[in-house]
Amino acid sequence: MRDIHQMTAYLTEVAASVDNYCKYLNQDSNEYAKILGYVFRVHQDQIRKVSTQGLALILIYLKDVNEDDYGKYIDVYAKKVDKILKRSNTLDEQFEKMEKLKKTIE
């Protein structure tokens, strides 16, 4: 039973972080629920060490990626997203660094 509560708490924190990013970006956070569900089911091993805010930022950047390519992007993002969060003072800095990282994948 404890695992279910931990998973629920984790997903709730991710959803709250996605909502905060969406408010900043003036986007609808509901668009990310499907992405979160898919990533959590299919790519759980890749994201298990990523912070909740880090996963939220990854989800923002997966929105325009083909579902079949999520794994490729998650591999790169999961290794660097928490460092980006620690080294950024503003949301704009986070987005700038994620954009640079995204270009290395494309």
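These are my notebook entries on a predicted model, covering two helices, a loop and a pocket.

**Entry 1: helix 6**

I started with the length of helix 6, which runs over residues 91-105. At 1.5 Å a residue, its 15 residues should span 21 Å, and I found the end C-alpha atoms 21 Å apart, so the two figures agree.

Next I asked which residues of helix 6 are buried. My list reads Gln 94, Phe 95, Met 98, Leu 101, Lys 102 and Ile 105. They cover an arc of only 125° around the axis, which means that they sit on the same side of helix 6. I jotted down the textbook reason beside this: an α-helix has 3.6 residues a turn, so residues three or four places apart point the same way.

What does the face turned away from the buried side carry? There I noted the exposed residues Glu 96, Lys 100, Lys 103 and Thr 104.

**Entry 2: three residues of helix 6**

I took Gln 94 from the buried side. Its relative accessibility is 6%, so Gln 94 counts as buried. Leaving aside neighbours within four places in sequence, I found Gln 94 in contact with Tyr 21, Gln 53, Leu 57, Ile 84, Leu 85 and Ser 88.

Leu 101 is also in helix 6, and its 9% relative accessibility makes it buried. With neighbours within four places set aside again, its contacts are Val 76, Tyr 77, Lys 80 and Ile 84. For Leu 101 and Ile 84 I wrote down a C-alpha to C-alpha distance of 9.9 Å, with their positions 17 residues apart in sequence.

Then I turned to Thr 104, from the other face. Is Thr 104 buried or exposed? At 60% relative accessibility, Thr 104 counts as exposed. I followed its side chain and found that it reaches the backbone oxygen of Leu 101 at 2.5 Å. Thr 104 and Tyr 61 are 43 residues apart in sequence, and their C-alpha atoms are 13 Å apart in space.

**Entry 3: helix 4**

How many of the eleven residues of helix 4 are buried? I have ten, so helix 4 goes down as mostly covered. Among the buried ones are Gly 54, Leu 55, Ala 56, Ile 60 and Tyr 61.

I looked more closely at Thr 52, which is found in helix 4. Its relative accessibility is 17%, and as buried means under 20%, Thr 52 counts as buried. Which residues does Thr 52 contact, once neighbours within four places in sequence are left aside? I found Tyr 10, Glu 13, Val 14 and Ser 17.

**Entry 4: the loop between helix 1 and helix 2**

I moved on to the loop between helix 1 (2-25) and helix 2 (33-42), where Gln 27 is found. Asn 26 is in this loop too. I flagged Asn 26 for its positive phi of about 60°, although it is not a glycine. With 73% relative accessibility, Asn 26 counts as exposed.

Gln 27 has 31% relative accessibility and so counts as partly exposed. Not counting residues up to four places away in sequence, Gln 27 touches Cys 22, Tyr 32 and Lys 63. With Tyr 32 I also noted a polar contact between the two side chains, at 2.5 Å. I checked Gln 27 against Ile 105 as well: they are 78 residues apart in sequence and 24 Å apart in space, C-alpha to C-alpha.

Cys 22, which Gln 27 touches, is found in helix 1. At 1% relative accessibility, Cys 22 counts as buried. Not counting residues up to four places away in sequence, its partners are Gln 27, Asp 28, Ser 29, Tyr 32 and Ile 60. I put Cys 22 and Ala 56 at 10.0 Å, C-alpha to C-alpha, and 34 residues apart in sequence.

**Entry 5: the largest pocket**

Last, I went looking for open space. Rolling a probe the size of a water molecule over the atoms shows where empty space is left. The largest pocket came out with a volume of about 160 Å³.

Which helices each supply at least two residues of its lining? I found helix 4 (52-62) and helix 6. The lining includes Ile 60, Tyr 61, Glu 99 and Lys 102. I was pleased to meet Gln 27 and Tyr 32 here too, along with Lys 63, since they are listed among the lining residues.

Definitions and conventions:
Residues are numbered from 1 along each chain as its sequence is written. This is a predicted model: local features need pLDDT of at least 70, side-chain atom pairs count only at pLDDT 80 or more; totals for chains, interfaces and linings use all residues. Side-chain values use heavy atoms; hydrogens and water are left out. Helices (H or I, at least four residues) and strands (E, at least two) are DSSP runs, numbered from the N terminus. The expected span of a helix is 1.5 Å times one less than its number of residues. Buried means under 20% relative accessible area, exposed over 50%, partly exposed in between (1.4 Å probe, protein chains only). The arc is that of the directions from the helix axis to the C-beta atoms. Contact means heavy atoms within 4.5 Å. A polar contact is a pair of N or O atoms within 3.5 Å; within protein, one must be able to donate a hydrogen and the other to accept it, and residues adjacent in sequence count only if both atoms are side-chain atoms. On a 1 Å grid over the protein atoms alone, a cavity is a set of points where a 1.4 Å probe fits but cannot get out, and a pocket is an open set with protein on both sides within 12 Å along at least five of seven lines; lining residues have an atom within 4 Å of a point. Grid points are joined across faces, edges and corners, and a volume is the space filled by probe spheres set on the points.
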